[in-house]
Amino acid sequence: MDICCEMASEDLDKTKRLLHIPWKSRLHNFIQGPSSHSKKKMHRQSVTEAKQWGQSLEKLLNHKCGQEAFRVFLKSEFCEENLEFWLACEEFKSITSPEKLACKATSIYEEFIHSDSPMEVNVDYHTRDTIAQSLHKPTPSCFDGAQRKVCSLMENDAYPRFIQSDYYKDLCVGGRGLGKHIRT
């Protein structure tokens, strides 16, 4: 028996075991969900985390929920390309295969750096040209200069607007979730 069949068999066994639990108990557990105590704990934790995002852009970007909140805000201002580029560069640095590195470098260049690209970031000609030349033999650091410039733009422009926004203030008091749309 191959591994896929074994996994499918295990999934079937789990489903059968769940079906032996009376449907009323399953329905009750589904409706009740997490206890109110754990909901309060999660709520307090997320508000505490949101307040920490106001300390620095670095703290915001080092937290998945912070990235998502910032992305929602940036989309509302039609400028999410900077965050998307920064995240793509972070992922790029972790690639070890030379073939994958070359493929991803070209992809990032086409999406964010090339003139008239769909999500073109604001970098100077010299930085753009340096990156274009490095595509022949890309290294994990070939986007570092552009990433620093974009990070500086976010830190001095978008991040302060985010911290001052009603959206961020609502996150700090637990008013709105990440899934809600915002208006500025």
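# Exercises on a predicted all-helix model

The count of aromatic ring pairs comes to seven. The model is predicted, and the exercises below work through its rings, cores, helix faces and cysteines.

**Exercise 1. Classify the geometry of the ring pair Phe-85 and Phe-143, and locate both residues in the chain.**

Step 1. A pair of aromatic rings is described by the distance of the centres and the angle of the planes.

Step 2. The ring centres of Phe-85 and Phe-143 are 6.3 Å apart, and the cut-off for a pair is 6.5 Å.

Step 3. Their planes stand at 80°, so the pair is edge-to-face; the cut-off for that class is over 60 degrees.

Step 4. Phe-85 belongs to helix H6 (residues 81-93), while Phe-143 sits in the loop between helix H8 (125-134) and helix H9 (144-164). The two are 58 residues apart, and the pair thus links distant parts of the chain.

Step 5. Both rings are in buried residues: Phe-85 has a relative accessible area of 0%, and Phe-143 one of 1%.

**Exercise 2. State which residues touch the most other members of the largest nonpolar core, and describe the surroundings of Phe-70.**

Step 1. The largest nonpolar core holds 23 residues, and Phe-70 and Phe-162 touch the most other members.

Step 2. At least two residues of this core come from each of helix H3 (36-53), helix H4 (57-61), helix H5 (64-76), H6, H9 and H10.

Step 3. With neighbours within four places in sequence left aside, Phe-70 is in contact with Leu-57, Leu-60, Leu-61, Leu-83, Met-154, Ala-158, Tyr-159 and Phe-162.

Step 4. Another core, of 20 residues, lies apart from the largest one; among its members are Phe-92, Tyr-109, Val-123 and Phe-143.

Step 5. Phe-70 also belongs to an aromatic cluster that it forms with Phe-73, Phe-162, Tyr-167 and Tyr-168.

**Exercise 3. Determine how the buried and exposed residues are arranged around helix H10, and describe the setting of Tyr-167.**

Step 1. Helix H10 spans residues 166-173, and its buried residues are Tyr-167, Tyr-168, Leu-171 and Cys-172.

Step 2. These four cover an arc of only 140° around the axis, which puts them on the same side of H10.

Step 3. An α-helix has 3.6 residues a turn, so residues three or four places apart point the same way.

Step 4. On the face turned away from the buried side, H10 carries the exposed residues Asp-166 and Val-173.

Step 5. Tyr-167, a residue of H10, counts as buried at 2% relative accessibility. Its C-alpha atom is separated by 8.8 Å from that of Ala-69, although the two residues are 98 apart along the chain.

Step 6. Gly-174 follows H10 and has a positive phi, near 80°.

**Exercise 4. Carry out the corresponding analysis for helix H8, including its start and its packing partners.**

Step 1. The buried residues of H8 are Thr-127, Arg-128, Ile-131 and Ser-134.

Step 2. Seen down the axis, they fall within an arc of 130°, so they line one face of the helix.

Step 3. The face of H8 turned away from its buried side carries Tyr-125, His-126 and Gln-133, which are exposed.

Step 4. The buried residues of H8 pack against helix H7 (98-113) and H9.

Step 5. At the start of H8, a side-chain oxygen of Asp-124 comes to within 3.1 Å of the backbone nitrogen of His-126.

**Exercise 5. Establish how many disulfides the structure contains, and examine Cys-142 and Cys-151.**

Step 1. A search of the whole structure returns zero disulfides.

Step 2. For Cys-142, the nearest cysteine sulfur is that of Cys-89, 8.2 Å away; the cut-off for a disulfide is 2.5 Å.

Step 3. Cys-142 is buried, with a relative accessible area of 13%, whereas Cys-151 counts as partly exposed at 21%. The boundary between these two classes is 20%.

**Exercise 6. Summarise the chain as a whole, and place Asn-82 within it.**

Step 1. The protein chain has ten helices and zero strands.

Step 2. Of its 184 residues, 33% count as buried.

Step 3. Among contacts between residues at least 6 apart in sequence, 57% join residues at least 24 apart.

Step 4. Asn-82 lies in helix H6 and counts as buried at 14% relative accessibility.

Step 5. Leaving aside neighbours within four places in sequence, Asn-82 is in contact with Val-121, Val-150 and Met-154.

Terms used:
Residues are numbered from 1 along each chain as its sequence is written. This is a predicted model: local features need pLDDT of at least 70, side-chain atom pairs count only at pLDDT 80 or more; totals for chains, interfaces and linings use all residues. Side-chain values use heavy atoms; hydrogens and water are left out. Buried means under 20% relative accessible area, exposed over 50%, partly exposed in between (1.4 Å probe, protein chains only). The arc is that of the directions from the helix axis to the C-beta atoms. Rings of Phe, Tyr and Trp (its six-membered ring) pair if their centres lie within 6.5 Å; planes under 30 degrees apart count as stacked, over 60 as edge-to-face and the rest as tilted. Contact means heavy atoms within 4.5 Å. A polar contact is a pair of N or O atoms within 3.5 Å; within protein, one must be able to donate a hydrogen and the other to accept it, and residues adjacent in sequence count only if both atoms are side-chain atoms. A nonpolar core is a set of buried Ala, Val, Leu, Ile, Met, Phe, Trp, Tyr and Cys residues joined through side-chain atoms within 4.5 Å.
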